[in-house]
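Reader: I am new to looking at protein models and would like to learn how to read the way helices pack. Could we go through one example slowly?

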Amino acid sequence: MPLLQIEGLWKEYRGRPVLRGVDLAVEPHEVVCLIGASGSGKSTLLRCVNLLETVDDGAVFLDGLELTAVDVDEDAVRRRVGMVFQQYNLFPHMSVVENVVLAPVKVHRKRRKQAREEAMELLARFGLADKAAEYPDRLSGGQQQRAAIVRALAAGPQVLLLDEVTSALDPELVGEVLDIVRELKEQGMTMILATHEMSFARDIADTVCFLDGGVLLERGSPERIFTDPQEPRTRAFLARTATR
Ligand SMILES: Nc1ncnc2c1ncn2[C@@H]1O[C@H](COP(=O)(O)OP(=O)(O)OP(=O)(O)O)[C@@H](O)[C@H]1O
């Protein structure tokens with residue numbers, strides 16, 4: 001039984017469709033990588049799952065809860081669906097640990113002491129214990145992105161969405177963030193990642209989905225998609241990215 005089920009997702013901006021009936025089922029512990037050209041709809045798909053966008057048609061279900069229902073408890077959705085963005089989005093006026101405890105305390109009404117203890121544990125697990133009291137601008141980009149991942153984990157999400165989490169980083173900092181994502185996979189976290197890093201998708205994904213003009217054109221194991229793509233447009237995209 002899938003943990004996350006996306007059915008017939010349709011999204012338009014000013015009458016222009018950017019997602020055209022996307023169906024996607026994600027099993028527990030599965031890692032799905034979304035690939036596709038810029039503008040193909042990868043971010044929009046993730047943003048529809050965590051309700052940063054309203055959908056125009058279709059539905060998203062997580063473990064029996066319809067996230068797209070009109071009367072859904074949005075706080076519950078934010079607790080169950082974690083999201084990490086390209087630009088970290090840490091609050092600059094708060095220390096790292098304050099960033100991490102903010103949602104558990106304010107949104108999920110966790111007691112501050114407990115939230116802080118859990119935050120410190122998570123920060124230690126991801127090599128950031130000594131950065132807990134620092135403000136984000138004192139951290140490298142890689143450390144900020146790791147802190148943003150810890151913040152997303154603090155609510156105990158069932159699924160983690162990662163939108164181009166390495167795109168804003170200098171090349172030498174990319175590895176440390178990818179290592180964390182790998183570690184999360186080993187721990188069994190269910191994840192959907194939008195990525196331009198084909199080698200990473202190949203390395204980490206259980207399933208690769210190729211989006212093309214808002215259509216989920218082809219999906220399969222990384223081996224299949226990268227060595228034997230069936231659709232001409234997938235082949236053309238992969239040939240373009242390989243020569244870049
Ligand atoms: N808020 C918005 N208003 C209008 N159009 C938007 C908005 N957000 C996205 N779009 C458009 O929707 C389409 C899909 O964008 P999206 O960001 O989902 O693509 P993407 O595959 O994630 O691209 P990238 O790889 O560059 O991040 C694009 O044509 C984009 O211009």
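**Reading helix packing**

Author: Let us begin with a pair of helices in this predicted model: α5 passes α6 in a crossing that is right-handed. Helix α5 covers residues 141-154 and helix α6 covers residues 171-186, and the two pack at an angle of about 20 degrees with their axes 8 Å apart.

Reader: Are α5 and α6 roughly parallel or oblique to each other, and why?

Author: Angles under 35 degrees count as roughly parallel, and α5 and α6 are therefore roughly parallel to each other. The contact is made by G141, G142, Q145, R146 and I149 on the side of α5, and by L173, E176, V177 and I180 on the side of α6. By character, the residues of this contact of α5 with α6 divide into four nonpolar, three polar and two charged.

Reader: At what angle do α3 and α5 pack?

Author: The angle between α3 and α5 is about 25 degrees, and their axes are 8 Å apart, so these two helices are roughly parallel to each other. Their crossing is right-handed. From α3 the contact takes V96, N99, V100, A103 and P104, while α5 supplies A147, V150, R151 and A154; these residues divide into seven nonpolar, one polar and one charged.

Reader: How do the axes of α3 and α4 cross?

Author: Helix α3 (residues 96-106) and helix α4 (residues 112-125) have axes that come within 9 Å and cross at roughly 130 degrees, and that makes α3 oblique to α4. The crossing of this pair is right-handed. Among the residues that make the contact are V96, V97 and V100 of α3 and A115, A119 and L123 of α4, and the whole set divides into eleven nonpolar, no polar and two charged.

Reader: Which residues surround the ligand?

Author: The ligand is surrounded by Y13, V18, G36, S38, G39, S40, G41, K42, S43, T44, E164 and A194. Helix α1 (residues 42-49) gives the largest share of this shell, three residues, and the shell divides into three nonpolar, seven polar and two charged residues.

Reader: What should I check before I read such details from a prediction?

Author: Look at the confidence, because where pLDDT is low the predicted coordinates should not be read in detail. Here the mean pLDDT of the protein chain is 93, and 99% of its residues reach 70 or more. The model scores ipTM 0.96 and pTM 0.93.

Conventions
Residues are numbered from 1 along each chain as its sequence is written. This is a predicted model: local features need pLDDT of at least 70, side-chain atom pairs count only at pLDDT 80 or more; totals for chains, interfaces and linings use all residues. Axes are lines fitted to C-alpha atoms, for helices over the stretch in contact, and angles run from 0 to 180 degrees between N-to-C directions. Helices (H or I, at least four residues) and strands (E, at least two) are DSSP runs, numbered from the N terminus. Angles under 35 degrees count as roughly parallel, over 145 as roughly antiparallel, 65 to 115 as roughly perpendicular and the rest as oblique. A crossing is left-handed if the near helix is turned anticlockwise from the far one by less than a right angle, and right-handed if clockwise. Two residues are in contact if their C-beta atoms, placed from the backbone, lie within 7 Å. Ala, Val, Leu, Ile, Met, Phe, Trp, Tyr, Cys and Pro count as nonpolar, Asp, Glu, Lys and Arg as charged, and the others, Gly among them, as polar. A residue is near a molecule or strand if its C-beta atom, placed from the backbone, lies within 6 Å of it. pLDDT is the predictor's confidence in each residue, from 0 to 100.
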